[in-house]
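Visitor: Please pick one part of this model and go through it closely. I would like to see how its aromatic rings are placed, and what lies around them.

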Amino acid sequence: MTAKTTASFAPGHRLMLTFLVALCILVACVLSTETNMPTQNMSNKERAELREEARDMFYHAYHAYMENAYPADELMPLSCKGRYRGVTPSRGDMDDILGNFSMTLVDTLDTLVLLGDFTEFEHAVKLVIRDVQFDSDIIVSVFETNIRMVGGLLSAHILAEYLQKHADTMHWYKGELLEMSRELGYRLLPAFNTSTGIPHARVNLRLGMKDPMLKKSRETCTACAGTILLEFAALSRLTGDPIFEVRAHAAMDALWKLRHRGSDLMGTVLNVHSGDWVRRDSGVGAGIDSYYEYLFKSYVLLGDDKYLARFNRHYNAVMKYVSEGPMLLDVLMHRPHAKSKNFMDSLLAFWPGLQVLSGDLKPAVQTHEMLYQVMQMHTFIPEAFTVDFQIHWGQHPLRPEFIESTYFLYRATGDHHYLQVGKRALKTLQQHAKVSCGYAAVNDVRTGKHEDRMDSFVLSETIKYLFLLFSDPQDLIINVDEFVFTTEAHLLPLSIAQLGNATFSFRQSDEHNVLDFMRTCPSSNKLFPEKVRKPLRNFITGSCPRTTAGKRLSALDFQASNADHLRAVYDMGITMVSVGDRSQGKIIKQYSRYFFAFIQAKSHEEGEMGLQFMQEMLELTKMQSINQLAQLQAVAYATDEKAQDWVALMAGPSHFSPELIGDQFVEGDVMLAQPLRACDETLENAAEAKGKILVAERGDCTFVSKARLAQKVGAVALIVCDNVPGSSGETQPMFAMSGDGKDDVLIPVVFMYSVEFGKLTAVMQRRKQQPLGVRVMQMVEFKRWQLAKAQRQNQTVAATQKPDKEL
């Protein structure tokens, strides 16, 4: 997660989405009879068998970890050995979850209690007390360490004391796990020493923030900073040490103040020192998901009304701007009617479960049904999928969010459909993820290839929720209704609120009004989810719909994700084929081609409609190409010493700098900033920057911060180059940079992808003896300039070749 972004998709992208899903529509009539069958109730016998199968799944994975990986943090199921930080080959930032503190065992302790295995729970607690220590020179994720380790230790402590009272066991236990969680909490506290109170994303367990690797730490995600309060409040109230809850409340208050006041939406990445947004994408998936969850659950656990009010404000905004029927598509927090992505990530699968808890069942049923169809289409829900339900990222690390929502929907409705969904998920894991040494993540759902990875949440969440789904209340040693599940499915008792915290006031804030507390009562259990699901049953595959007679589908109204539209164009005789440009065996650009054949139309009338549709599509494509070209910027340079021949490289605009209009351009020599990221108070080569066009690399600080620094040292323009290797304007949508709402940048600022910038640097290296002069201008003006120059040259040539008059 790096610099602030506003991804502006090419205007034609929405119409040119992949159409492979159209093939499914052709067979939908055959399938529709089967898919419209009502849900079959599951017998108590089958449910009990599935519960025991879930139990067996747990022990298959648990014993594989304990016998082959413990005390490592994770099991590598294909290698059948443990994953240790600093020993196993690094996976980059992914390894920030590892702290060499036996994470999988700690994360799994409370699942053993739910399974009723008190003997193994007691044994595991003794192992944790004996073996786990935190005094390590290791940088860890504050967010992951909190939810997995602090939450796991607290939940295990609470359940250990519960068993002492209700199962007459573990009388030797004296609160050791609570003390361990307190120690770990103190090791995380240095991350909260920021000017905003919002914690850093990472911290060194031994050195705090004094680790040199953390010197430039600035950015964190909204979920990372906003998923602390449940564990830290419980830690404070169980230990009597208020510092943890105080810091967590302060972080939540700081985040709330950073919401966009017009839309009530939040971005996904921010600067912990300045509070500036780095990424303004707003949705319910990666980077923000559990922030919403902890707002609502903080109200449930702590009884503080302000968190309910904040949740309702955000929830209403999400349902207004992000929700599109059953889909949830990211928007820009400051321009909420503009979509920022054309895909959804699998983490949003938690959202229906949260909607159930907040009492909004109907949209929960709808989104869950959409996700279930995606799962049926691809075996697993891929890590990300497009708006027409094709695979965007094909990984599946055995995430729990969809099963979690399935569990809460079953608890809320009693509808056996959700038992059948859970059965499908369980059998899929057994068939496609089970290996001899545990369960392996799926590297690509298209091929089924495994990855040598079994995250701790497979045991602490995925299998736990499957077991709970197929269990009756009388099957469990505890009443789960008396607990709140954290985002890692750890159990914190509602009685924690009674312990109180004298350092925190529960007075209602003046910033909320009565409208913020509306829609707080759960919906009636008499809702019939089958009636809500039925219209969505063929949401992805279609069910042979017919267009309304007399109403023609226009190219302007056409939507690739609409099954009715796909069927309508097919009836018009239009065939759509998805094709891709390939480079070294990989698809680098994908689009759709339209083929029209009058003879293939359903009727003469529909054939004429098809002809008109194709004509409109051609005109629309022309218009969209012109609109995109009007926004596209150019960085142009001469290829010869006489500056006769020029080449232009594509660049994207910014929303915070002056727009170059008409034939306006900025010209100057190119110079690389030192340091290249241009995030310090000044530049090492500031004295040389005056009058130059400065180049800075994306990352470490916001785009607008780089622009202000370039302006401060006297640069006449700024080029920001991408930090993602291989990115190119030829294969990716045009990128527009966002600011922070202030209009103090007076120099033009443009963005170049890596491939285009690589071409520019290659020319700079060839001209080491002299600086490279470039022009920054609109691409359309560059083309007009070149066209006019070519016309003048042609006229000159024609004049010189004109024959003499006859004598």
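Guide: What follows begins with the whole protein, turns to the rings, and then follows the chain outward from them.

This is a predicted model, in which local features need pLDDT of at least 70, side-chain atom pairs count only at pLDDT 80 or more, and totals for chains, interfaces and linings use all residues. Residues are numbered from 1 along each chain as its sequence is written, and side-chain values use heavy atoms, with hydrogens and water left out.

The protein has 24 helices and 32 strands; these are DSSP runs numbered from the N terminus, H or I of at least four residues for helices and E of at least two for strands. Of its 807 residues, 57% are buried. Buried means under 20% relative accessible area, exposed means over 50%, and partly exposed is in between, with a 1.4 Å probe and protein chains only. Among the contacts with a separation of 6 or more, 72% are between residues 24 or more positions apart, where a contact means heavy atoms within 4.5 Å.

Now the rings. Rings of Phe, Tyr and Trp (its six-membered ring) pair if their centres lie within 6.5 Å; planes under 30 degrees apart count as stacked, over 60 as edge-to-face, and the rest as tilted. By this rule there are 25 aromatic pairs. In one of them, the ring centres of Phe385 and Phe389 are 6.5 Å apart and the planes are at 25°, so this pair is stacked. Phe385 and Phe389 are both buried.

Phe408 and Phe485 give an edge-to-face pair, with 6.3 Å from centre to centre and 75° between the planes. This pair joins distant parts of the chain, since Phe408 is in helix α15 (residues 401-413) and Phe485 is in strand β21 (residues 483-485), 77 residues away. Phe408 and Phe485 are buried as well.

Rings can also gather in a group. One aromatic cluster is formed by Tyr291, Tyr292, Phe296, Tyr299, Phe311, Tyr315, Phe350 and Trp351. The chain around this cluster includes helix α12, residues 305-322. At 1.5 Å a residue, the 18 residues of α12 should span 26 Å, and the 25 Å between its end C-alpha atoms agrees; the expected span is 1.5 Å times one less than the number of residues. Since 14 of its 18 residues are buried, α12 is largely enclosed by the rest of the structure.

An open sheet of 3 antiparallel strands, in the order β9-β12-β13, belongs to this stretch of numbering too. Its edges are β9 (281-282) and β13 (335-339), each with a single partner strand, so one side of each has no neighbour in the sheet. Strand β12 (residues 331-332) runs antiparallel to β13 and is joined to it by 2 bridges; two strands pair if DSSP finds at least two bridges between them. Val331 has Lys339 in β13 as its bridge partner.

Some rings have a charge over the face. This is counted if NZ of Lys or CZ of Arg is within 6 Å of the ring centre and within 35 degrees of the ring normal. Arg259 lies over the face of Trp256, 3.9 Å from the ring centre. Arg775 lies over the face of Phe665, at 4.1 Å from the ring centre.

The strands around that second charge come next. Strand β27 (residues 665-672) pairs with strand β32 (residues 773-778) in the antiparallel sense over 5 bridges, and Gly668 has Val774 in β32 as its bridge partner. β27 also pairs with strand β28 (residues 693-697), here in the parallel sense over 3 bridges. The bridge partner of Leu672 in β28 is Val695.

One more ring residue, Tyr84, is in the loop between β3 (81-83) and α4 (103-114). Tyr84 is partly exposed, with a relative accessible area of 29%. Leaving aside residues up to four places away in sequence, Tyr84 touches Ala69, Tyr70, Pro71, Ala72 and Asn100. From Tyr84 to Asp95 there are 11 residues in sequence and 9.3 Å in space, C-alpha to C-alpha.
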